[in-house]
Amino acid sequence: MKKLFAATSVLTLTASTAFAAGEDQSKSDVLTTYANIAEAKYDDSLIAAKSLQTAVNALIANPSDATLSAARAAWIAARVPYQQTEVYRFGNAIVDDWEGKVNAWPLDEGLIDYVDASYGGPSDENEFAALNVIANPSFDLSGEAIDASEITPALLSDTLHEADGIEANVATGYHAIEFLLWGQDLNGHGSGAGNRPFTDYVQGDACTGGNCDRRAQYLSAATDLLVSDLAWMADQWKEGGEARAALAADETAGVAAILTGMGSLSYGEQAGERMRLGLMLNDPEEEHDCFSDNTHNSHYYDGLGIQNVYLGNYTRIDGTPVSGASLSDLVSSSNPELDAEMKIKLANTMQALGRLKSTAEAGFAYDQMLERGNEGGEQLIMGGVNGLVDQTKTIERIVTALELDQIEFEGSDSLDNPNAVFQ
């Protein structure tokens, strides 16, 4: 059995070659399905991001309550296919090396735009936490004068993103766009998401928040960059793409990559860093989509991504099914009881995440669930956490049954060493 390591541990993959020769073809088929689903998911993410881009352009051209609402709806829709790709992290280095460009969080939003006075200013941890590049066409970064008179994709990706090597300086991706569409959620544990007015994009005297022209530049540049980043990743999973080729280079390591992604997302990333940690801290800022109050959907579709990879089926946003030989088939061929156990555990997790999702959609928002002493909220969140942790135990058993070794799953202090969270 593998060991669960802390979140900062280095991921290693060394797969056993104990598969019998007769299983080679089935492994190949499983990897082909896995790559086909990745290609479909990233392509769907690109399609949805282009729809977001269209909505953003409409908002910038004609700011109104209607165009802002449409852009927000397009952002939420774009999260559905993308979150289902996160199971491809951890086991595929090409995805891990790229993912921070598009889905890094949490972020010090004061780097980007104006914030409430309660936010504070620069800190010892981050000198640029309140830089507000939208209001500052020039600034110094690590002793270098930066010309930000025009906000471009290159400025965001090459200069601002993770400025000074600080991960909280998130300048690109879904969450930077989310902040620009919703603004800060200042409701704490109360109801309501961010409430940025459409007038933050109105040019001229009716502009609120100042620098509406530059805010529009930033939103446009960030959205264009998201589209180009997703287009690049979609290409990597096509026939002849780097990600597909790397997966096929060693079939046993490829199977290990699938399980690594499933186990690491289930345990350390989702159950730990995204769910249990926020509940321990009772902090609404620890929710994944904290500006839009869309966290319940992000958790649900992360879980669904794990399930559809194991089962080898995915339904595209246009309704087209993508399916084929699956990890479930591979496990079932030698241990049908273990496969049945995994399917039950996945279904239990999705039921728990589904309850969380439907309750949030009925008006009990995720940040309200995080409030200290809210027993109903704690039960809903812990239902998801417990399901994810429980299914990880079965993933461990599958690793052993397939005679794969030295697979390390991402961990989290919130699960592995809770006392460390408060130190």
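Which residue follows α5 with a positive phi? In this predicted model, that residue is G183, and its phi is near 75 degrees. The helix just before G183 is worth a look too. Helix α5 covers residues 174-182, and nine of its nine residues are buried, so the rest of the structure largely encloses this helix. The buried set runs through Y174, H175, A176, I177, E178, F179, L180, L181 and W182. One of these, F179, also has a charged neighbour: R196 lies over the face of its ring, 5.1 Å from the ring centre. A similar arrangement turns up elsewhere, with K357 over the face of Y300 at 5.6 Å from the ring centre.

Rings also meet other rings. A pair of aromatic rings is described by how far apart the centres are and by the angle between the planes. Searching the whole structure turns up nine aromatic pairs. Take Y34 and W237: their centres are 6.3 Å apart and their planes make an angle of 85 degrees, which makes the pair edge-to-face. This pair ties together distant parts of the chain, since Y34 belongs to helix α1 (residues 24-61) while W237 sits in the loop between α6 (212-236) and α7 (242-248), 203 residues apart. Are these two rings' residues buried or exposed? With a relative accessible area of 4%, Y34 is buried because the cut-off for that label is under 20%. W237 is buried as well, at 0% relative accessibility. The two residues also belong to a wider group, as ring pairs link Y34, Y42, Y88, W98 and W237 into a cluster.

Y34 shows up again around an enclosed space. The count of cavities of 30 Å³ or more comes to one, and the largest cavity holds about 40 Å³ of space. Its lining is made up of V30, T33, Y34, I37, I258, V309, G312, A325, S326 and L327. Which helix gives the most to this lining? That is α1, with four residues. As for chemical character, the lining of the largest cavity has seven nonpolar residues, three polar ones and no charged ones.

Then there are the open spaces. The second largest pocket has a volume of about 310 Å³. It is lined by 17 residues, and those closest to the pocket centre are E109, Y119, Q184, L186 and E285. Charge does appear in this lining: the residues of the second largest pocket split into seven nonpolar, four polar and six charged.

The strands offer a neat little turn. Strand β2 (residues 138-141) and strand β3 (residues 144-147) run antiparallel and are joined by four bridges. Across this pairing, D140 stands opposite A145 in β3. The hairpin of β2 and β3 has two residues between the strands, and S142 takes a positive phi there, near 50 degrees.

Finally, back to helix α6, where D213 has its place. How far apart are the C-alpha atoms of D213 and Q203? They are separated by 6.3 Å, although the two residues are ten residues apart along the chain. D213 has a relative accessible area of 42% and is therefore partly exposed, since that label covers values between 20% and 50%.

Note on methods:
Residues numbered from 1 in each chain as written. Predicted model: local features only at pLDDT ≥ 70, side-chain atom pairs only at ≥ 80, totals over all residues. Heavy atoms only, no water. Phe/Tyr/Trp six-rings, centres within 6.5 Å; stacked < 30°, edge-to-face > 60°. Buried < 20%, exposed > 50% of the residue type's maximum accessible area, 1.4 Å probe, protein only. Lys NZ or Arg CZ within 6 Å of the ring centre and 35° of its normal. 1 Å grid on protein atoms, 1.4 Å probe; cavity = no way out; pocket = protein on both sides within 12 Å on 5 of 7 lines; lining within 4 Å. Points joined across faces, edges and corners; volume = space filled by probe spheres on them. Nonpolar A, V, L, I, M, F, W, Y, C, P; charged D, E, K, R; others polar. Pairing = 2+ DSSP bridges.
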